[in-house]
There are 2 protein chains.
Amino acid sequence: MTYCVAMSLDGGLVFLSDSRTNAGLDQISTFRKMTVYEKEGDRVMVLLAAGNLALTQAVRQLLNGHTLECDDGPVSIWNCKTMFDAARIVGSAIRKVFERDGDSLRKFGIEFNLNLIFGGQIKGEPTRLFNVYAAGNFVEAGEDGVCYFQIGESKYGKPIIDRVVNRSTPLDQAAKCALVSMDSTLKSNLSVGLPLDLLIYHADTLHAQRIVHIDEHDPYFRMIRSSWGQRLREVFESIPNPVWDETSSESGLRPPSQHEQLNPIRKVNAPQQAS
Amino acid sequence: MTYCVAMSLDGGLVFLSDSRTNAGLDQISTFRKMTVYEKEGDRVMVLLAAGNLALTQAVRQLLNGHTLECDDGPVSIWNCKTMFDAARIVGSAIRKVFERDGDSLRKFGIEFNLNLIFGGQIKGEPTRLFNVYAAGNFVEAGEDGVCYFQIGESKYGKPIIDRVVNRSTPLDQAAKCALVSMDSTLKSNLSVGLPLDLLIYHADTLHAQRIVHIDEHDPYFRMIRSSWGQRLREVFESIPNPVWDETSSESGLRPPSQHEQLNPIRKVNAPQQAS
């Protein structure tokens, strides 16, 4: 399994990936799931991959030299003019892998399972972020809608992002949120694991400067792991427990007697003959 | 979809269920998913249901009068001696529904999809909690292992339970945690919805007294919804952002230059001919 998340913000982009892969519980390995494509001063692109490792590796291998026929002739990720075209090239690389491997996988009952996050910036454009699917089609994070994508084991880490991140969140704060989200996922699912790769891209720098590899010794992530859990428990304890007194209070659950009159619960009493 | 959670604690049991069902996004309804079976002073049993609504309703309908052949003759949930036997009777009711409907569903490509939480207390036994599967088999929450079960859309609400609940958590605090867990799920998944049913069973009372029906007007749940999100954001902001200074600090991420030497990220530079 995998957990990757990327956020598209006013200040730039944040990417975070774990590195655990497993083919069954007895075959657990570490593979990096983040790839950075950079032509400094011209373009920076980041690819995060979830799904069948053989497929994502094949796509990554292919992508570097892959070209797509456009109006101006064949273009690659290195000379296309927009991130939209770059995302099309990623989609085209996926389709090429599907042509090669799709039939054989089907014969073995293996799903063509792959899900990518792809984002970055090409000079002259703003930063852009895409979620590219196994069929090679994709969606883009919009200015007015969702500003992040998750792939892989996404649910455990979603609530905290929904609560604290929006497009105007500063990059460092968003990175912190991505790490908290990852921490929740690590804690609830063994198939997601350290080390992590974190990349923070500042818009218009056209250089992937802030990349960190985070392992179990990383002091910042260790601080997050310990203090987030601890403070969450403190906040939890600071919220009053439900009050069950018959004299209903503002912060208490209304007493059951009132409720049952309004909304009778499905309560089945023992039949008479069963005593 | 559905989200139900139940916790088995030293002080008793907590059950919480939502009430949203959907057969496609254009067919959303409200159905109660909690059923309470009570013979006051002798036994209290609670059933929470997730999965195909027609199936869970059929099981519930059947369960009240269903008997299972045991050494002492046929027993029902109303006269069995242990919660283990009661869970077997629930499993047997599921199997009976499978006998009736399984073939027909298969012909329409519909999965026999059903997942139940079943718990309570029979006089002379401690409280017990089971997760009963579609095959009619079941597992029990153990004293030394996991003390809660979730069914349905469980992942969004799991991290907070993992962080704050253990077997010695007081009942009211566990109920609060179940509601926070539900709140996270409601916020991240539209297919889980109000109203909620909350039941807190105090061990050895053999009476289901504390049942609350929680709708959008419930003051306690409204307080949880607003203050939990607010305080979570406060805690989040109180944790320092990563520091990117080259002079590495205890609470900062180590600077990328050091890391890249140790753990080079997969960074692909533009090929020379692409300039």
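**Exercise 1. What is the area buried between chain B and chain A, and which share of it do carbon and sulfur atoms give?**

The model is predicted, so local features need pLDDT of at least 70 and side-chain atom pairs count only at pLDDT 80 or more, whereas totals for chains, interfaces and linings use all residues. Residues are numbered from 1 along each chain as its sequence is written, chains are lettered from A and ligands numbered from 1 in the order in which they are written, and side-chain values use heavy atoms, with hydrogens and water left out.

*Solution.*

Step 1. The size of an interface is often given as the accessible area lost when the parts come together. Buried area is the accessible area (1.4 Å probe) that two parts lose on being put together, summed over both.

Step 2. Between chain B and chain A this area is about 8,000 Å², and carbon and sulfur atoms give 63% of it.

Step 3. In terms of contact (heavy atoms within 4.5 Å), 80 residues of chain B meet 80 residues of chain A.

**Exercise 2. Describe the polar links across the interface and the elements of chain B that take part.**

*Solution.*

Step 1. A salt bridge requires a side-chain nitrogen of Lys or Arg within 4 Å of a carboxyl oxygen of Asp or Glu. Four salt bridges are counted between chain B and chain A. One of the salt bridges in the model pairs Arg163(A) with Asp183(B), whose closest N and O atoms are 3.3 Å apart.

Step 2. A polar contact is a pair of N or O atoms within 3.5 Å; within protein, one must be able to donate a hydrogen and the other to accept it, and residues adjacent in sequence count only if both atoms are side-chain atoms. Across this interface, 20 residue pairs are in polar contact, both residues being at pLDDT 80 or more.

Step 3. Helices (H or I, at least four residues) and strands (E, at least two) are DSSP runs, numbered from the N terminus. Elements that give two or more residues to the side of chain B touching chain A include β5 (34-39), α4 (171-188), β13 (196-202) and α5 (219-238) of chain B. The largest share, 13 residues, comes from α5(B).

Step 4. The side of chain B that touches chain A holds 36 nonpolar, 19 polar and 25 charged residues. Here Ala, Val, Leu, Ile, Met, Phe, Trp, Tyr, Cys and Pro count as nonpolar, Asp, Glu, Lys and Arg as charged, and the others, Gly among them, as polar.

**Exercise 3. Which aromatic pair joins Phe236(A) to chain B, and what is its geometry?**

*Solution.*

Step 1. Rings of Phe, Tyr and Trp (its six-membered ring) pair if their centres lie within 6.5 Å; planes under 30 degrees apart count as stacked, over 60 as edge-to-face and the rest as tilted. Eleven aromatic pairs are found over all chains.

Step 2. Phe236(A) pairs edge-to-face with Trp228(B), at 6.3 Å centre to centre and 85° between the planes. Phe236(A) lies in helix α5 of chain A and Trp228(B) in helix α5 of chain B, so the pair joins two chains.

Step 3. Burial is judged by relative accessible area (buried under 20%, exposed over 50%, partly exposed in between; 1.4 Å probe, protein chains only). Both Phe236(A) and Trp228(B) are buried.

Step 4. Within chain B, the rings of Phe84(B) and Phe130(B) have centres 6.5 Å apart and planes at 65°, so this pair is edge-to-face. Phe84(B) is in helix α2 (residues 83-107) and Phe130(B) in strand β10 (residues 128-132), 46 residues apart. Phe84(B) is partly exposed at 37%, whereas Phe130(B) is buried at 0%.

Step 5. In chain A, ring pairs link Phe84(A), Phe130(A) and Phe138(A) into a cluster.

**Exercise 4. Are the partners Lys33(A) and Asp18(A) buried or exposed?**

*Solution.*

Step 1. The whole structure holds 26 salt bridges over all chains. In one of the salt bridges, Lys33(A) and Asp18(A) have their closest N and O atoms 2.8 Å apart. Lys33(A) is in the loop between β4 (28-30) and β5 (34-39), and Asp18(A) in the loop between β2 (12-17) and β3 (20-22), 15 residues apart.

Step 2. Both Lys33(A) and Asp18(A) are buried.

Step 3. By contrast, Lys81(A) and Asp72(A), joined in a salt bridge at 3.4 Å (N to O), are both exposed.

Step 4. In chain B, Asp18(B) and Lys33(B) form a salt bridge at 2.8 Å between the closest N and O atoms. Asp18(B) is buried at 0%, and Lys33(B) is buried at 5%.
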